[in-house]
Amino acid sequence: MLKIWGRPYSSNVIPVIWTANELGLDYDLMLAGGSFGKLNTDAYGAINPNRMIPAIQDGDFALWESLAIVRYLAARYGADGLCPADLQTRAIADQWMEWSASKAFGPVIYLFFATVRTAPDARDAEKIAGLRDEAHAALTILDGHLADRPFVCGDDFTMGDIPLGCVAYRYFNVDVDRPALPHVEAWYERLAQRPAYQAHVMRPFGTNPDEWAALEKACAAEGIL
Ligand SMILES: N[C@@H](CCC(=O)N[C@@H](CS)C(=O)NCC(=O)O)C(=O)O
């Protein structure tokens with residue numbers, strides 16, 4: 001059975017878990033990273049020599065780098081669904097996946113760290129406002145793209161929506177004032193209708209290290225997922 005290594009609250013693992021669930025795949029989640037450890041074992045080093053999560057094993061085949069994994073799962077198990085058969089449509093999906101990593105992920109994850117992962121009395125309002133502006137400027141480009149299409153590649157949900165959908169959940173759920181992004185907001189509402197997004201992306205963050213550790217324990221106890 002497919003194995004997904006990682007902790008299900010990690011920003012690079014969530015896209016892989018969401019993809020597997022969109023595809024209806026059976027998999028074993030191998031809890032690793034954070035307080036679950038295991039990354040420094042020889043066995044894990046043989047799967048991912050970077051000793052980072054996520055990684056997958058699909059039979060004898062091992063793969064790391066979250067976006068490569070999303071593409072692999074979509075192409076191997078998604079036929080003409082998550083991974084568009086039309087080359088130009090697929091290229092548009094790839095373009096927005098790369099753009100998510102190069103332009104949107106950074107400001108949003110640093111905004112997330114500066115808010116959710118920083119104690120309220122240690123938060124730096126100026127830094128938060130700067131990151132919010134940077135994230136908003138990036139997402140304004142996506143807003144323009146989504147003005148006349150419901151999903152990144154057009155009428156259908158594809159892998160092109162997956163990394164950005166994960167970024168969007170964090171952006172829309174940190175405690176900051178956000179200028180309007182009407183088309184991104186409408187797209188985010190569409191994603192929020194998807195059961196796999198609700199179950200695997202729209203998860204509690206944990207607002208301090210103790211809560212975070214408790215979430216990881218709860219996850220292990222649930223035998224997730
Ligand atoms: N570019 C890599 C980044 C992987 C990465 O930074 N993973 C982090 C978690 S998000 C990690 O392994 N951190 C160590 C840990 O979780 O213990 C990817 O997209 O897979």
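The largest cavity encloses about 40 Å³ of space, a cavity being a set of points on a 1 Å grid over the protein atoms alone where a 1.4 Å probe fits but cannot get out. Of the 10 residues that line this cavity, Tyr9, Ile14, Arg170, Pro204 and Phe205 are the closest to its centre; lining residues have an atom within 4 Å of a point. The lining comprises 7 nonpolar, no polar and 3 charged residues, where Tyr, Ile, Pro and Phe are among those counted as nonpolar and Arg is among the charged. In total, the structure holds 2 cavities of 30 Å³ or more.

The model is predicted, with local features requiring pLDDT of at least 70, side-chain atom pairs counting only at pLDDT 80 or more, and totals for chains, interfaces and linings using all residues. Residues are numbered from 1 along each chain as its sequence is written, and side-chain values use heavy atoms, with hydrogens and water left out.

Turning to the sheet, 4 strands (DSSP runs of E, at least two residues, numbered from the N terminus) form an open sheet in the order 2-1-3-4, with mixed pairing. Strand 2 (27-31) and strand 4 (61-64) are the edge strands, each pairing on one side only; pairing requires at least two DSSP bridges between two strands. Neighbouring strands are turned by 20° against each other on average, direction ignored.

Strand 1 (residues 2-6) pairs with strand 3 (residues 55-58) in the antiparallel sense over 3 bridges. Within strand 3, Ile56 is the bridge partner of Ile4.

Key. Axes fitted to C-alpha atoms, helices over the stretch in contact; angles between N-to-C directions. 1 Å grid on protein atoms, 1.4 Å probe; cavity = no way out; pocket = protein on both sides within 12 Å on 5 of 7 lines; lining within 4 Å. Points joined across faces, edges and corners; volume = space filled by probe spheres on them.
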